[in-house]
Amino acid sequence: NGGQINIPGGTTLRVVNGYLNIDNPANITGSMLTSNITYISHPTFDNITIDSDKKTCFKNGFTIANGKTLTLNSPITVFGNVNLETNSVLTLNGSLTFADELTLNNNCTIDGNSKTINMENDITISGTVTFPTDTIIDLHGHTLTLNGGQINIPGGTTLRVVNGYLNIDNP
């Protein structure tokens, strides 16, 4: 029924020639490096970096705790519910694919670093999402809806929304 992995600063959890499989919700802090397919079931992240040289999959979504940062250094696919709590930061150094519908209803930051967010379903923004670096959102024919939400793009930064529809509802 869940658990906790605490990896002190400067320490890395490394899974080599095996799989990291977390089937129940877990709180994870620190740094993880995996060398095979990783399946993680709805963890709550508290300032963590994930590196993997293989496909990594969150099969039941994830949560980034209030004011904390999740850094993804490799391609990740996410199934299930994603919760970016208030003032959380999602930093991309690899592509990110959301397989299910995504709703962002808190004030958060997505630091895209010129990487692509692939949407395999619709995305709704009802909070304030800041994109401090260039980011591409590829909708793959789906819709990005601003439902009372706001997108902040600082000067000199580009947010490209491609291959889909932008719907502004409840301005």
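Which residue in S20 does isoleucine 125 stand opposite? I opened the entry with this point and found that isoleucine 125 stands opposite leucine 146. I note at the outset that the model is predicted.

**Entry 1: the chain as a whole**

I looked up the secondary structure and recorded 23 strands and 0 helices. I then checked burial and found that 44% of the 171 residues of the chain count as buried. I also looked up how contacts are distributed along the sequence. Among contacts in the chain with a separation of 6 or more, 11% are between residues 24 or more positions apart.

**Entry 2: strand S20 and its partners**

I turned next to strand S20, which covers residues 143–147. Of its 5 residues, 4 are buried, so the strand is largely enclosed by the rest of the structure.

I looked up the pairing of S20 with strand S17, residues 123–125, and found it to be parallel, over 3 bridges. The pair noted at the start, isoleucine 125 and leucine 146 in S20, belongs here.

I then looked up the pairing of S20 with strand S23, residues 165–169, which is also in the parallel sense and runs over 5 bridges. For threonine 143, I recorded tyrosine 165 in S23 as the bridge partner.

**Entry 3: the sheet**

I followed the pairings outward and found an open sheet of 4 strands, in the order S14-S17-S20-S23, with parallel pairing. Strand S14 (102–104) and S23 stand at the edges with a single partner strand each, so one side of each has no neighbour in the sheet. From one strand to the next, I noted an average twist of 15 degrees. As a reminder for reading the strands, I add that side chains in a regular strand alternate between the two faces of the sheet.

**Entry 4: the cavity**

How many cavities of 30 Å³ or more does a search of the whole structure find? I recorded 1 such cavity. The space in the largest cavity comes to about 70 Å³.

I then listed the residues that line the largest cavity: Leu84, Phe98, Leu102, Leu104, Ile110, Ile117, Ile123, Phe131 and Ile137. I sorted this lining by residue class and counted 9 nonpolar residues, with no polar and no charged ones. Leu102 and Leu104 of the lining fall within strand S14 (102–104). Ile123 of the lining falls within strand S17 (residues 123–125).

Notes. Residues are numbered from 1 along each chain as its sequence is written. This is a predicted model: local features need pLDDT of at least 70, side-chain atom pairs count only at pLDDT 80 or more; totals for chains, interfaces and linings use all residues. Side-chain values use heavy atoms; hydrogens and water are left out. On a 1 Å grid over the protein atoms alone, a cavity is a set of points where a 1.4 Å probe fits but cannot get out, and a pocket is an open set with protein on both sides within 12 Å along at least five of seven lines; lining residues have an atom within 4 Å of a point. Grid points are joined across faces, edges and corners, and a volume is the space filled by probe spheres set on the points. Ala, Val, Leu, Ile, Met, Phe, Trp, Tyr, Cys and Pro count as nonpolar, Asp, Glu, Lys and Arg as charged, and the others, Gly among them, as polar. Buried means under 20% relative accessible area, exposed over 50%, partly exposed in between (1.4 Å probe, protein chains only). Helices (H or I, at least four residues) and strands (E, at least two) are DSSP runs, numbered from the N terminus. Two strands pair if DSSP finds at least two bridges between them. Axes are lines fitted to C-alpha atoms, for helices over the stretch in contact, and angles run from 0 to 180 degrees between N-to-C directions. Contact means heavy atoms within 4.5 Å.
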